[in-house]
Amino acid sequence: MSFRKKFIIDFDSTFTQVEALDILGEICLANDPEKVSKLEAITNITNSGMEGQLSFRESLDARIALLSAHRKHLPELVERLQQRVSKSFQINKKFIRKYASDIHIVSNGFKEFIIPVVADFGIGPDHVHANTFVFDNHDNIIGFDKENVLSKNGGKSKVLEQLQLKGTICVIGDGFTDYEMRAAGVAQTFYAFTENVHRSRVVSFADHVAPSLDEILYINKMERKISYPKSRLNVLVLENIHQNAIDFFTDEGYNVNVVSGALTEAELMNVIEDVSILCIRSKTQVTQAVLEHAKRLHLIGAFCIGTNQIDLHAATQKGIAVFNAPFSNTRSVVELAIAEIIFLLRNLTDRIFEMRNGLWNKLATSSYEIRGKKLGIIGYGNIGAQLSVLAENLGLDVYFYDIDEKLPLGNATKVYHLETLLKTVDIVSVHVDGRPENSQLIGASEINAMKPGSYFLNLSRGSVVDLDALEAALHNGHIAGAAIDVFPDEPTKNGAPFSHSIQSAKNVILTPHIGGSTLEAQEDIARFVPQKLVDFINTGNTQNTVNFPAIQLPFLKEAHRLIHIHKNEPGVLAKINQLFASSNSNIVGQYLKTNEQIGYVITDIDKVYDKDLLKQLRNISGTLKFRVLY
Ligand code: NAI
């Protein structure tokens, strides 16, 4: 005769995210002038007990004495605990209800608050083993039932012994007293539960570390809300990406590793094998060789606009989706461009330089307001269009040229030929993208086509402008001033020397590619990119991806979602659909899109499906990646 596994679950910091007595302390000490110090003392006592450094009775006596609690505080405590049930317990509520008859709560906490909280999850009072409070005639909590075995050291093991459960006994808990049941031989497996607290000593005794309930359900092949525990997905975060991104992944339950700088190709090759999500900025080169070592990589997040540091072709060939932050620093670039236009028209850089060197030059010659001047924008994309709006608000007369059909914003004038734009305007600002065809887009002949005495800005890509031609035009006075933020060869490290003969030209603003470098932009990137990456993991959504066919998917409702990424070669799609047709699966939705390299097919099927189908889909030749969402 075989028995199902039985799960013994701890309550404080396991079933709930918090220690109930800490919360009770917050409630009943709300108006106590010594609240902060008393709460701190309660937490310290709890931790000493958890680490096994204080006997449980000593810890409980000390905490109850500090609390001055009353029966009237209990309903609020229960309400607060219900809101703080551990995240992975909350999302698996349906399944906990299903398994409730195999679950016992064994806790050194108190039945008065545990029973109502776990009842919501289908766990009855007869499956709750815990202490009880002792009240005085005025309903003050003055102690606990000292006859209860759970108020004594080793109490949990005694309870488990008395329960005489059949089958394998698995204990899930965050504290030393939970491990004691395994040590006493009354349980066979101890899962150290680290979703809320990570106690190194306790973890060192664990048979298995469980960063969430999903992990336990997954390894025991039990029904659960999510197909694959997030804690098994390794996120590697490089290049000092903003802390918000790291916090986001950690809160979502991923296993996050952070390296402060960039990694070289060889270093990255060494660590990439187990990485599922790679987060980089512009310095880390993700080459084909790196990708060949990536066995589990699903996603690359470029926490910047540009993605030419990534071999996109190789990534796509491997079914790896790449996301970037196309608009997070748009506003920052535009603000710098506006500032530079004002600086250039007032010769400010030269005046500042002179004053710093002790020279007074109060001049009005060659100094202009920007109001009424004609600004010509080359490339009316995110940045160009935003610059158009802000510049117009400052009184500039805006013209633009773009190779694509673009809607002119405000009163901007669309120009159909680059040369016409160059001949018309007083200030030229370049905001094209870095496609190879744009290399040297602005050379000597384009500069010569500009009006004598006009101004020039490039905050797009270094390759777009012939700097030598610009320098010559600055020296001969054809161009009255220029602002350059991007260069053909940019140093990769801060503090590195920089040298170009254009440094000697007058009225030139040179900046080290800082157009998008503001705190606001970094924060927005750290919000935008992780959200897109997690959305891809959770739903398969590829909206805003750099290299995948873009599909915006509906939320998954009462269905399994099968995500199949395959080489775009003849016959693959037909095979997928043949398999669906010959299986008994009921398809509730299908979405598919291809690009030159890959096909992306998402099929939502009924919860009841033929398990062999998954294996067959995975084995179709040409399959790059296949995963199932629950
Ligand atoms: P975007 O892709 O939204 O806009 C580029 C526009 O240029 C598109 O409308 C495109 O049709 C147009 N275009 C491309 N080639 C053209 C050509 N030969 N002639 C006329 N129009 C052309 O890009 P976004 O976000 O506006 O960025 C623009 C540039 O700014 C990019 O090169 C980007 O790398 C750079 N950038 C620089 C930063 C810095 O720190 N300096 C920060 C952020 C972006």
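In the next few minutes I will talk about the surroundings of the ligand and then about one residue, Thr46. Please keep in mind throughout that what we are looking at is a predicted model.

Let me begin with the ligand, which is surrounded by 29 residues, and the closest of these are Ile383, Asp402, Val432, Asn438 and Asp485. If we sort the residues of this shell by their character, we find 11 that are nonpolar, 11 that are polar and seven that are charged.

Turning to individual atoms, an oxygen atom of the ligand lies 2.8 Å from a backbone N or O atom of Ile383, while a nitrogen atom of the ligand lies 2.8 Å from a polar atom in the side chain of Asn438. Arg461 also takes part, with an N or O atom of its side chain 2.9 Å from an oxygen atom of the ligand. As for how much of the ligand is covered, taken alone it exposes 860 Å², and the protein buries 90% of that area.

Now I would like to move to Thr46, which belongs to helix α3, the helix that covers residues 35–50. Is Thr46 buried or exposed? Its relative accessible area is 4%, and because that value falls under 20%, Thr46 counts as buried.

What, then, does Thr46 touch, once we set aside residues up to four places away in sequence? The contacts are with Glu19, Asp22 and Arg63. With Arg63 there is also a polar contact, made between the side chain of Thr46 and the side chain of Arg63 at 3.3 Å.

Notes: Residues are numbered from 1 along each chain as its sequence is written. This is a predicted model: local features need pLDDT of at least 70, side-chain atom pairs count only at pLDDT 80 or more; totals for chains, interfaces and linings use all residues. Side-chain values use heavy atoms; hydrogens and water are left out. A residue is near a molecule or strand if one of its heavy atoms lies within 4 Å of it. A polar contact is a pair of N or O atoms within 3.5 Å; within protein, one must be able to donate a hydrogen and the other to accept it, and residues adjacent in sequence count only if both atoms are side-chain atoms. Accessible areas come from the Shrake-Rupley method with a 1.4 Å probe; for residues, only the protein chains shown count as cover. Ala, Val, Leu, Ile, Met, Phe, Trp, Tyr, Cys and Pro count as nonpolar, Asp, Glu, Lys and Arg as charged, and the others, Gly among them, as polar. Helices (H or I, at least four residues) and strands (E, at least two) are DSSP runs, numbered from the N terminus. Buried means under 20% relative accessible area, exposed over 50%, partly exposed in between (1.4 Å probe, protein chains only). Contact means heavy atoms within 4.5 Å.
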